[in-house]
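Me: Could you take a close look at the largest pocket in this model for me, and then walk me through the parts around it? I would enjoy one connected account rather than a list.

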Amino acid sequence: MTATPDMPEATNLPAVLPFWLCMALVPLAWIAAVNGGWTLVLLPAATWYLFSILDLITGLYTKNADPQTDEAHLFWYRAVTMVWTPVQIITIFGVLFYVSRTDHLAAWEEWALFAGIGVITGTVGINFSHELMHQKPKVERWMADILLGSVLYSHFRSEHLLVHHRYVATPKDPVTARYGEGFWRFFPRVLRQCYASAFTAEKTMLARKGLQWTHPSNPFWRYWGLQALFLVAAIWIGGLWGLFLFGTQAVWAIFQLEIVNYIEHYGLTRRHLGDGKYEHVQPRHSWNAAHRASNWLLINLQRHSDHHYKPDRRFPLLQTYTREEAPQLPYGYPVMTMAALSPSLWRKIMNPRVQNWRAQYYPDITDWTPYKEATNPMPR
C-alpha cells in the first residue's frame with residue numbers, strides 16, 4: 001500500500017487531541033443524571049447523530065502515519081485508552097450512587113439514563129478494551145479485562161483474540177455476518193455462540209498443555225471474578241434496582257459492540273483452500289471506512305482492514321486503503337449501525353457492494369453456497 005505523500009506526524013499534538021473527544025461524553029452523562037427529561041437524549045444523540053453530522057462536514061481522512069513510528073512517541077495516544085478505564089468505572093458507579101440517593105428522576109428516566117451510559121461504555125469502553133487487549137503490557141490487558149467486566153462481557157477478549165482473528169471471514173467465525181443475514185438474526189446467534197466458542201478456545205489451549213479447564217491460569221476465573229465484583233458493587237450501592245440499572249448499561253454496551261461486529265465483515269469470506277483451510281487474512285476481508293470524525297470517536301477502528309492485516313499495530317498507526325485494496329463502506333459506523341437496524345435497508349445498501357466485492361476479488365468463484373453457513377463455528 002502506498003501512503004499519501006504528506007504523511008501526518010504521529011506525535012503532532014493537534015493530531016492527538018481529537019481522539020480525546022470521547023471525554024466530553026462524561027459530562028453529558030452527569031448533565032442527564034442531574035436534569036433528566038430531554039437531556040437524556042444527549043448521550044445517544046452525541047454518539048450516533050453528532051458524529052454522523054461531523055463525518056458529513058469533515059469528510060474522509062486518507063493520510064497514513066508512518067507504521068514504523070517508535071512507540072515512545074505515542075504516549076498521548078496510549079494515555080487516552082489508559083485514562084478511560086478509571087473514568088468509565090467512576091462514571092458508572094458515581095452516577096449509580098447519585099441516582100440511588102436522589103428522587104428527582106422517574107424510574108423510566110433512570111432506565112433511559114443508564115441505557116445512554118451503555119451507549120458510551122459500548123461505543124468507547126469496549127472499543128478501548130479492544131485496543132488494550134491487543135497490547136503486550138500486562139497492565140493494558142488488565143485494563144481491557146476491567147472494562148469488559150464492567151459491561152459483563154469479559155469473554156469477548158478470548159473470543160476476539162483466539163477465535164475471531166483466527167477464523168475471521170470464514171464460516172467458522174461466529175461474528176462474521178453471513179451474506180443476507182439480518183442483524184436481528186445475527187445478534188441472538190452471536191450471543192449464543194460466542195461465549196461457547198471463547199470458553200472452548202481457552203479449554204483447548206489448556207488441554208494442549210495437559211491442563212484441565214479448571215486450572216487457575218484459565219482467564220475465565222478472572223472474568224467471572226471481575227464481573228462478580230461489579231455486580232456486588234452495584235447491589236451494594238443501589239440494591240436490586242441498582243443491579244437492574246447496572247445490567248441495563250451492560251446490555252446496551254453489548255448491543256453496541258455486536259452491531260459494530262455485524263457491519264465489519266458482512267458478507268466477506270476468505271477463499272476456501274480445502275481440508276478446512278482458508279487463505280491468509282488480507283485487507284480485502286474487512287470493510288474499511290476512512291471517515292474522519294467517527295474515526296476520532298472510535299480510535300481508528302474503522303481502519304479495520306489494516307487491524308486484521310496487522311493486529312499488533314496501535315490505533316494511531318493503522319493504515320487506510322484505497323478501493324482497489326479493500327472494500328469501502330459508504331458511510332461511517334454511526335450511520336451504518338443505524339442502517340443495520342433495518343434488515344431490508346441494510347441489504348439494499350450492502351448486498352450490491354458484496355456482489356461487487358466478489359466480482360472484483362474472486363471472479364472465478366461462481367457458487368458461494370458453501371461459504372454461507374458454518375458447519376461448526378467452534379474452534380478445533
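Reply: Happy to help; what follows starts with the pocket and then moves on to other features of the fold. Please keep in mind that this is a predicted model.

Let's begin with the pocket itself. The largest pocket holds about 370 Å³ of space. Its lining is made up of 28 residues, and those closest to the centre are Thr123, Gln256, Ile259, Val260 and Thr337. Five helices each bring at least two residues to this lining: H3 (42-58), H5 (107-133), H7 (156-167), H9 (219-264) and H12 (333-340). The greatest contribution is that of H9, with eight residues. As for the character of the walls, 16 of the lining residues are nonpolar, eleven are polar and one is charged.

Two of those helices lead us to other features, so to speak, and H3 is a good one to follow out to the surface. Ile57 lies in helix H3. Together with Ile53 and Leu56, Ile57 forms a nonpolar patch on the surface, and the three share about 370 Å² of accessible area. Ile57 has a relative accessibility of 62% and therefore counts as exposed, the cut-off being over 50%.

H5 takes us to an enclosed space instead. The model contains one cavity of 30 Å³ or more, and the volume of the largest cavity is about 90 Å³. Around the largest cavity stand 15 lining residues, with His130, Glu131, His307, Phe315 and Leu318 nearest the centre. H5 gives the most to this lining, namely three residues. Here the classes come out as six nonpolar, six polar and three charged residues.

H9, the main contributor to the pocket lining, also takes part in a salt bridge. Ten salt bridges are present in the structure. In one of them Asp145 pairs with Arg222, with 2.8 Å between the closest N and O atoms. Because Asp145 sits in helix H6 (residues 138-149) and Arg222 in helix H9, this pair ties together parts that are 77 residues apart in sequence. The two partners are covered to differing degrees: Asp145 is buried at 2% relative accessibility, whereas Arg222, at 25%, counts as partly exposed.

Other pairs are worth a visit too. Glu181 and Arg189 meet through their side chains in a salt bridge, at 2.7 Å from N to O. Glu181 is buried, with 3% relative accessible area, and Arg189 is buried as well, with 10%. Another salt bridge joins Arg313 to Asp306, and there the closest N and O atoms are 2.7 Å apart. Asp306 counts as buried, since its relative accessibility is 0%. Salt bridges with shared partners also link Glu71, Arg78, Glu140 and Arg314 into one network.

Two tryptophans give useful landmarks. Trp76 belongs to helix H4 (residues 75-100) and is partly exposed, with a relative accessible area of 49%. Its C-alpha atom is 9.3 Å from that of Trp20, although the two residues are 56 apart along the chain. Trp287, by contrast, is buried, at 2% relative accessible area. Trp287 lies in the loop that runs between strand S2 (277-278) and helix H10 (292-297). If you would like to relate Trp287 to the salt bridge of H6 and H9, the C-alpha atoms of Trp287 and Asp145 are separated by 27 Å, and the two residues are 142 apart along the chain.

Finally, a word on the backbone. Most residues other than glycine have a negative phi, which makes the next two residues worth checking on your screen. Ala169 has a positive phi, near 60°, and is not a glycine. Ala169 is found in the loop between H7 and helix H8 (183-208), and with a relative accessible area of 0% the residue is buried. Asp275 also has a positive phi, of about 60°, without being a glycine. Asp275 is placed in the loop between strand S1 (272-274) and S2, and its relative accessibility of 73% makes it exposed. So one of these positive-phi residues, Ala169, is buried, while the other, Asp275, is exposed.

Definitions and conventions:
Residues numbered from 1 in each chain as written. Predicted model: local features only at pLDDT ≥ 70, side-chain atom pairs only at ≥ 80, totals over all residues. Heavy atoms only, no water. 1 Å grid on protein atoms, 1.4 Å probe; cavity = no way out; pocket = protein on both sides within 12 Å on 5 of 7 lines; lining within 4 Å. Points joined across faces, edges and corners; volume = space filled by probe spheres on them. Helix = DSSP H or I, 4+ residues; strand = E, 2+ residues; numbered from the N terminus. Nonpolar A, V, L, I, M, F, W, Y, C, P; charged D, E, K, R; others polar. Patch = residues over 30% accessible without salt bridge, like charges linked within 9 Å, V, L, I, M, F, W, Y side chains within 5 Å. Areas by Shrake-Rupley, 256 points an atom, 1.4 Å probe, with all protein chains shown as cover. Salt bridge = Lys/Arg side-chain N within 4 Å of Asp/Glu carboxyl O. Buried < 20%, exposed > 50% of the residue type's maximum accessible area, 1.4 Å probe, protein only.
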